[in-house]
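I opened this notebook to record what I looked up in one structure, beginning with its enclosed spaces and moving on to rings, backbone and contacts.

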Amino acid sequence: MSAAPRERNDGPGFEEANLLAFLDAIPARVAFIDRDRRHLYANREYAEAIGMPAEEFIGKTIADIFGEESYEKLNPFGDRALEGESIEWEGWLHHPRLGDRYVMRVYRPYARPDGTIDGYFVLVRDRTDERLRQEALDRERCRLLDAVESFSEGFALWDAEDRLVMCNSRYREMHAPAIWENLQPGISYFDHLVALLRSGTTQVRPEDAEDRVRQRLVERQNLGPPHDFPRDHGHWIRVIDRKTQEGGTVSIRIDVTDIKRREAILSLVNAAASQVLINGGWRRPVEDLLGRLGPVMGVSRVLLGQNSISPEGEYLQDDLFEWDAPGIRRCMGDESLAGIPIKDTAFQETRARRSRGEVVYGRVSELPKYQREWLTMEGVKSYMRVPIMAGGTWWGTVGFDDCVEERSWQPLDIETLRATAGLIGVAIAHDQTVSALRDSERRFRGILESALDGIVTIDDQGVILEFNPAAEALFGMTRQRAIGAKIRDVIIPERLRAAHDAGMARYLSTGDSRILNRRIEVMALRGEDEFPAELTVTPTRVAGRTLFTAHVRDLTQQKEAEREIARQRDRLYQSEKMSALGSLLAGVAHELNNPLSIVVGQALLLEEDGSGELAQRAARIRTAAERCGRIVKSFLAMARQRGPERKSVELNQIVRAALELLAYGIRSAGIKVTTELAADLPMFSADPDQLSQVVTNLILNAQHALKDIPQPRRLSVRTCYKPAHGQLRLVISDNGPGIEPDLRSRVFEPFFTTKPFGSGTGIGLSMCHAFVSAHGGSIDIDETPGGGATFKIRLPAVAVEAEHPLTPTESVPEIARRRALVIDDERDLAELLAEMLEREGFAVEVAFDGEQALAELGRRSYDIVLSDVRMPDLDGPALLRRLQRDWPALAERLIFITGDTVDLGAGSALDELGRPVIEKPISPEEMRRVIEATLRESPNGYYIL
């Protein structure tokens with residue numbers, strides 16, 4: 001490290017050494033730079049300031065240490081120092097290791113005794129932190145000034161000596177329009193206020209200015225609440241002064257001119273509105289309002305006009321009222337204006353805007369020529385027109401004119417005239433509304449009294465306020481009695497009143513409701529009886545109270561109709577199930593009846609040909625097979641829902657036969673049977689097979705229900721006769737598990753069963769129901785006392801008609817031999833029929849399909865034809881049509897044979913063919929009867945016989 005330049009010698013002199021020691025010790029940053037801009041010396045503070053040891057930069061130039069950019073910035077000051085000038089500079093300087101720093105550099109040239117300048121000293125001070133703080137303060141001050149300037153109020157800050165520190169432009173506008181230049185920082189409050197009072201913009205006389213200022217200064221020492229200060233031209237300023245902690249004063253000035261004017265306007269409008277509402281009528285209070293409004297608003301003229309349409313359809317405006325300021329010419333009734341025509345097209349656009357509710361205003365000088373000429377004749381310089389809307393339509397116009405100056409209408413002016421127009425419209429509409437309300441009340445009363453629904457209105461305490469005639473009829477109560485009563489005590493059943501009270505309380509406290517604005521079904525009270533009703537309740541707010549209006553409709557007839565529809569639907573459902581069951585049974589019957597016919601027929605032939613035990617066995621086979629056939633026919637009878645084949649029947653005998661048939665199973669199940677069969681039962685007309693099936697099914701069901709319960713297992717069968725009702729009754733009871741109440745209505749449905757899967761078909765009880773219903777009776781389920789199921793059957797005791805014995809059939813051997821053709825696609829059955837006919841004396845030919853039958857008919861003639869209905873290729877109906885075409889006489893002697901008896905009965909396809917039918921399984925007696933009847937009815941039958 002080198003010190004400042006000195007005489008070359010072996011070591012530093014005493015003075016130089018002391019100087020270097022002093023410079024290293026002082027808390028200042030000092031360096032010596034020679035003419036080549038190289039650092040020859042730097043003390044400790046300087047080295048630390050640039051962030052590197054002195055050994056690293058001694059002998060280096062400014063450019064080497066700070067870079068070229070900093071060198072270019074500092075070089076001019078070094079040049080000036082080498083020329084002998086002392087210089088100070090401060091600014092931002094970039095340090096390679098410390099970044100940007102704000103520094104102050106003092107340059108002092110170093111000269112030899114001969115005046116030669118070898119270099120200069122640099123004293124450096126780092127002011128970065130101070131600079132940053134100052135910049136932050138400057139930014140805050142700017143923000144404060146911007147904020148103060150943005151105030152809509154006047155703002156000024158005075159120091160403790162009452163001199164102005166700052167104020168915004170709004171304060172100058174309000175207080176110093178004539179002394180703008182004097183209102184600068186530093187002016188005293190005294191001088192400022194004296195200049196203001198002497199400017200003539202206040203109500204204080206200029207000669208009293210100093211006295212008023214002294215008074216004001218005393219007031220500023222003890223600041224009170226804000227006060228309003230009048231200014232020229234009707235302006236008002238609100239003065240607010242507050243002391244600061246440093247003893248200064250903050251002054252806030254607010255222009256309250258609009259507020260003062262609004263207060264006056266509001267007072268006028270309120271007075272006019274009160275007159276309209278209290279005294280009625282609108283004309284007088286409105287004219288009084290307009291006459292008072294003109295001076296308050298400082299206008300020259302106030303106008304009121306009403307629209308009208310001429311008989312020719314032209315727009316007219318009738319002048320109703322005009323107020324004029326002193327010195328302003330009156331236009332309404334001015335004869336000089338009466339004869340001047342108004343060009344309608346000139347104001348069409350203005351009228352259109354007013355009809356839409358728009359405010360029309362402006363300066364007359366800016367209007368189109370014709371409008372400008374007309375308003376100029378009336379002395380108008382600025383105008384404003386506001387439409388009056390009454391009842392939603394444009395009724396007329398209210399307007400302001402300024403005949404003194406071209407006025408720029410302010411928002412308050414527009415709002416005031418709008419409010420006035422609104423009040424006039426309300427006053428006019430009030431009269432219209434009163435009349436309309438009277439009409440509406442009459443219409444409402446008419447609707448209420450003619451409504452078919454009961455209408456009841458209550459308040460939030462549940463007190464009835466309205467009760468129309470339909471409600472009187474619905475609830476059996478007069479309106480006079482209902483009004484004032486609580487609805488809960490009048491039409492709500494007692495069991496529902498607690499829920500009603502809770503719901504009302506919940507709605508009034510929380511606003512939550514489960515029934516409002518919905519259609520619901522409830523039970524209502526009519527006298528002592530309840531009835532179903534449809535209820536709709538809607539809430540309404542009237543005068544701060546909640547009212548509830550209920551529309552009530554009696555659903556008694558509707559519910560009965562719904563129940564009838566449900567019954568009809570159930571019957572349709574049962575019919576559809578029976579139709580499905582019929583389709584199933586048709587296929588079963590077709591497959592069973594053919595083999596059953598063969599069994600019955602063969603057993604009969606074997607019985608006739610045999611003797612002794614063989615004949616008895618054949619008879620038992622035939623009897624069992626015939627019973628199977630009857631069972632199949634019973635199924636089919638149920639499926640096609642045809643009437644029973646009635647005979648004279650004894651009910652007790654049917655019960656005994658069923659118990660005998662099922663005796664083994666009953667004994668095996670350990671069931672004790674008790675019978676109470678009345679001895680006085682009359683014979684009655686019924687189908688024994690169907691009734692036998694009913695009794696058998698019910699006993700079997702009881703047996704099945706009892707098999708899984710512990711002993712004792714009991715079954716009871718009772719019969720009785722009720723002459724008064726003309727009924728026979730059969731009751732079958734057991735002590736089994738019974739049938740659940742909710743299932744009792746379904747047990748008679750086809751395919752519905754309560755038995756475990758695989759244990760029942762769901763057909764038995766439905767078949768019982770069908771058979772009993774076919775006899776005009778009924779079957780019901782009840783619970784056996786002590787547990788179990790009880791089936792109760794009621795049958796009408798239909799008298800037995802006298803039976804006419806059939807004429808014995810002639811024995812075939814006594815009649816000439818006849819020829820028959822048998823047609824059936826099942827060979828065994830066809831051959832059996834042929835054998836049976838041959839035993840009756842017929843010569844028989846057999847055909848196994850329709851085409852073969854036609855071939856046989858073409859070779860020879862036949863007296864009778866027996867044909868199956870269902871056959872491949874050519875079935876029975878098709879065969880009949882061929883006979884009717886080719887052998888019409890033989891078509892009259894065609895007999896159909898079928899095992900598909902579901903299609904039999906009135907209205908069926910076979911019935912429409914008009915030919916007799918023998919049902920399978922075939923019995924010889926039935927076959928003889930049908931053949932004889934057919935031959936007897938044939939036109940040529942007796943000739944053939």
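Before listing any spaces, I wrote down the term: on a 1 Å grid over the protein atoms alone, a cavity is a set of points where a 1.4 Å probe fits but cannot get out, and its lining residues have an atom within 4 Å of a point. Grid points are joined across faces, edges and corners, and a volume is the space filled by probe spheres set on the points. Rolling a probe the size of a water molecule over the atoms shows where empty space is left.

I noted the source next: this is a predicted model, in which local features need pLDDT of at least 70 and side-chain atom pairs count only at pLDDT 80 or more, while totals for chains, interfaces and linings use all residues. Residues are numbered from 1 along each chain as its sequence is written, and side-chain values use heavy atoms, with hydrogens and water left out.

**Entry 1: cavities**

I searched for enclosed space and found four cavities of 30 Å³ or more. The largest cavity has a volume of about 190 Å³, and about 80 Å³ of space lies in the second largest.

For the second largest cavity I listed the lining, which includes Arg 29, Tyr 46, Phe 66, His 95, Arg 105 and Asp 126. Helix 2 (44-50), strand 3 (87-95), strand 4 (99-111) and strand 5 (117-126) each give two or more residues to this lining, where helices (H or I, at least four residues) and strands (E, at least two) are DSSP runs numbered from the N terminus. The largest share, three residues, comes from helix 2. I then sorted the lining by residue class, with Ala, Val, Leu, Ile, Met, Phe, Trp, Tyr, Cys and Pro as nonpolar, Asp, Glu, Lys and Arg as charged, and the others, Gly among them, as polar; the result was eight nonpolar, one polar and three charged.

I went back to the largest cavity and counted 16 lining residues, of which Leu 193, Leu 196, Arg 216, Phe 229 and Val 239 lie nearest its centre. Among the elements that supply at least two residues each are helix 7 (169-175), helix 9 (209-221) and strand 9 (236-243), but helix 8 gives the most, with five residues. This lining divides into nine nonpolar, three polar and four charged residues.

**Entry 2: the whole chain**

I recorded 32 helices and 32 strands for the protein. Of its 945 residues, 43% count as buried, where buried means under 20% relative accessible area, exposed over 50%, and partly exposed in between (1.4 Å probe, protein chains only).

**Entry 3: aromatic rings**

I searched the whole structure for aromatic pairs and found 15; rings of Phe, Tyr and Trp (its six-membered ring) pair if their centres lie within 6.5 Å, and planes under 30 degrees apart count as stacked, over 60 as edge-to-face and the rest as tilted. I examined one pair, Phe 32 and Tyr 110, whose ring centres are 5.7 Å apart and whose planes stand at 90 degrees, so the pair is edge-to-face. Phe 32 sits in strand 1 (residues 29-34) and Tyr 110 in strand 4, so that the pair links parts of the chain 78 residues apart. Phe 32 counts as buried at 0% relative accessibility, whereas Tyr 110, at 26%, counts as partly exposed. I also noted one aromatic cluster, formed by Phe 77, Trp 89, Tyr 107 and Tyr 120.

**Entry 4: backbone**

Which peptide bond did I record as cis? The bond runs from Gln 711 to Pro 712, with omega near 0 degrees, and Pro 712 is placed in the loop between helix 24 (688-706) and strand 24 (713-722).

I also checked two residues other than glycine with positive phi: Asp 162, near 65 degrees, and Asn 517, near 60 degrees. Asp 162 lies in the loop between strand 6 (154-158) and strand 7 (164-167) and is buried, with a relative accessible area of 14%. Asn 517 is in the loop between helix 19 (497-510) and strand 18 (519-526) and counts as exposed at 55% relative accessibility.

**Entry 5: Leu 605**

I located Leu 605 in helix 20 (residues 556-609) and found this residue buried, with a relative accessible area of 5%. Not counting residues up to four places away in sequence, Leu 605 touches Leu 832, Glu 835 and Arg 839, a contact meaning heavy atoms within 4.5 Å. The C-alpha atoms of Leu 605 and Arg 839 are separated by 9.6 Å, although the two residues are 234 apart along the chain.

Notes:
1 Å grid on protein atoms, 1.4 Å probe; cavity = no way out; pocket = protein on both sides within 12 Å on 5 of 7 lines; lining within 4 Å.
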